[in-house]
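Trainee: I'm new to this one. Could you take me through it and let me ask how each label is earned?

Mentor: Sure, let's look at it together.

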Amino acid sequence: MWLLPAAALLAPLGWAAFAPIELATRDELFEIPPGTYARRMAGDKVEILPDRIDLTLGLNDQLLLRNRDDVPQQFGPVLIMPGQSFRLPFEVASTYSFACSAHASGQMAVVVAPTPGAGWPRLQWRWQQLKKRWNEENR
């Protein structure tokens, strides 16, 4: 009698742990909205981008920054002009530090994790993505 409910629970977990991960795009988009610089110069504490961006090799391993502000923004060695986008692909799992004018601290970290293997790592990755999506929808 208990086998059927247990199988109904374990089947989706097994799928989530072993099925390949497919995403529509490898880009992780972050936008700098209009007025960011003006608000910062007016003394507002503007938190546009997170201090840390988490990416995963082979899945969402391209950072896409879009500058919608009316002034250029610096990201690492790149100056992103108003209305322009900058795509930075990552090929090695590591932690990267960048100078970033969109941050009050002037710094931002990009943490690139290895591709999650089948089993527990893939299940954890899916759970983290689910939590991230839920948090974004409920802000």
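**How the labels are earned**

Mentor: Let's start with a sheet in this predicted model: three strands form an open sheet in the order S2-S8-S7, and the pairing is mixed. S2 and strand S7 (94-99) are the edge strands, since each pairs on one side only. From one strand to the next, the twist averages 20°.

Trainee: How do you know that S2 and S8 pair?

Mentor: Count the bridges. Two strands pair if there are at least two bridges between them, and S2 and S8 are joined by five, running parallel. So S2 and S8 count as a pair. As an example of who faces whom, Asp54 stands opposite Val111 in S8.

Trainee: Which strands make up the open sheet that contains S3?

Mentor: That sheet has the order S1-S3-S6, again three strands with mixed pairing. S1 and S6 each have a single partner strand, so each is left with one side lacking a neighbour in the sheet. The twist here averages 15° from one strand to the next.

Trainee: And what makes S3 and S6 a pair?

Mentor: Five bridges, in the antiparallel sense. The cut-off is at least two, so they qualify as a pair. Within S6, Ser85 is the bridge partner of Arg66.

Trainee: What do the side chains do along S6?

Mentor: They alternate. Phe86 and Leu88 point to one face and are buried, while Ser85, Arg87 and Pro89 point to the other and are not buried. That fits a general pattern: in a regular strand, side chains alternate between the two faces of the sheet.

Trainee: Why is Phe86 called buried?

Mentor: Its relative accessibility is 18%. Buried means under 20%, so Phe86 makes the cut. Setting aside neighbours within four places in sequence, Phe86 is in contact with Leu63, Leu64, Leu65, Phe75, Val78 and Ile80. As for Leu63, it is 23 residues from Phe86 along the chain, yet their C-alpha atoms are separated by 8.0 Å.

Trainee: Why is the Phe75 and Phe86 pair called tilted?

Mentor: First, their rings are 6.2 Å centre to centre, and the limit for a pair is within 6.5 Å. Then take the angle: the planes are 55° apart. Under 30 degrees would be stacked and over 60 edge-to-face, with the rest called tilted, so this pair is tilted. Phe75 lies in strand S4 (residues 73-75) and Phe86 in strand S6, so the pair ties together parts 11 residues apart in sequence. Both Phe75 and Phe86 are buried.

Trainee: What makes the pair of Phe75 and Phe98 stacked?

Mentor: Here the ring centres are 4.7 Å apart and the planes are at 25°. The angle is under 30 degrees, so the pair is stacked. It links distant parts of the chain, with Phe75 in strand S4 and Phe98 in strand S7, 23 residues apart. Phe75 and Phe98 are both buried.

Trainee: How many aromatic pairs does the structure hold?

Mentor: Four. There is also one aromatic cluster, formed by Phe75, Phe86, Phe90, Tyr96 and Phe98.

Trainee: Which residues touch the most other members of the largest nonpolar core?

Mentor: Leu49, Leu63, Phe75, Phe90, Met108 and Val110, out of 19 residues in that core. At least two residues come from each of strand S1 (27-32), strand S2 (52-56), strand S3 (62-67), strand S6 (85-89) and strand S8 (107-113). S8 gives the largest share, three residues. In soluble globular proteins, nonpolar side chains tend to be buried together.

Trainee: What does Met108 touch?

Mentor: Not counting residues up to four places away in sequence, Met108 touches Leu49, Pro50, Asp51, Ile53, Leu63, Phe75, Tyr96, Ser97, Phe98, Cys100 and His103.

Trainee: What does the secondary structure of the chain come to?

Mentor: Three helices and eight strands, following the pattern α-β-α-β-β-β-β-β-β-β-α along the sequence. Of the 139 residues in the chain, 35% are buried. The chain exposes about 9000 Å², with carbon and sulfur atoms supplying 61% of it. Among contacts between residues at least 6 apart in sequence, 60% join residues at least 24 apart.

Key:
Residues are numbered from 1 along each chain as its sequence is written. This is a predicted model: local features need pLDDT of at least 70, side-chain atom pairs count only at pLDDT 80 or more; totals for chains, interfaces and linings use all residues. Side-chain values use heavy atoms; hydrogens and water are left out. A nonpolar core is a set of buried Ala, Val, Leu, Ile, Met, Phe, Trp, Tyr and Cys residues joined through side-chain atoms within 4.5 Å. Buried means under 20% relative accessible area, exposed over 50%, partly exposed in between (1.4 Å probe, protein chains only). Helices (H or I, at least four residues) and strands (E, at least two) are DSSP runs, numbered from the N terminus. Contact means heavy atoms within 4.5 Å. Axes are lines fitted to C-alpha atoms, for helices over the stretch in contact, and angles run from 0 to 180 degrees between N-to-C directions. Accessible areas come from the Shrake-Rupley method with a 1.4 Å probe; for residues, only the protein chains shown count as cover. Rings of Phe, Tyr and Trp (its six-membered ring) pair if their centres lie within 6.5 Å; planes under 30 degrees apart count as stacked, over 60 as edge-to-face and the rest as tilted.
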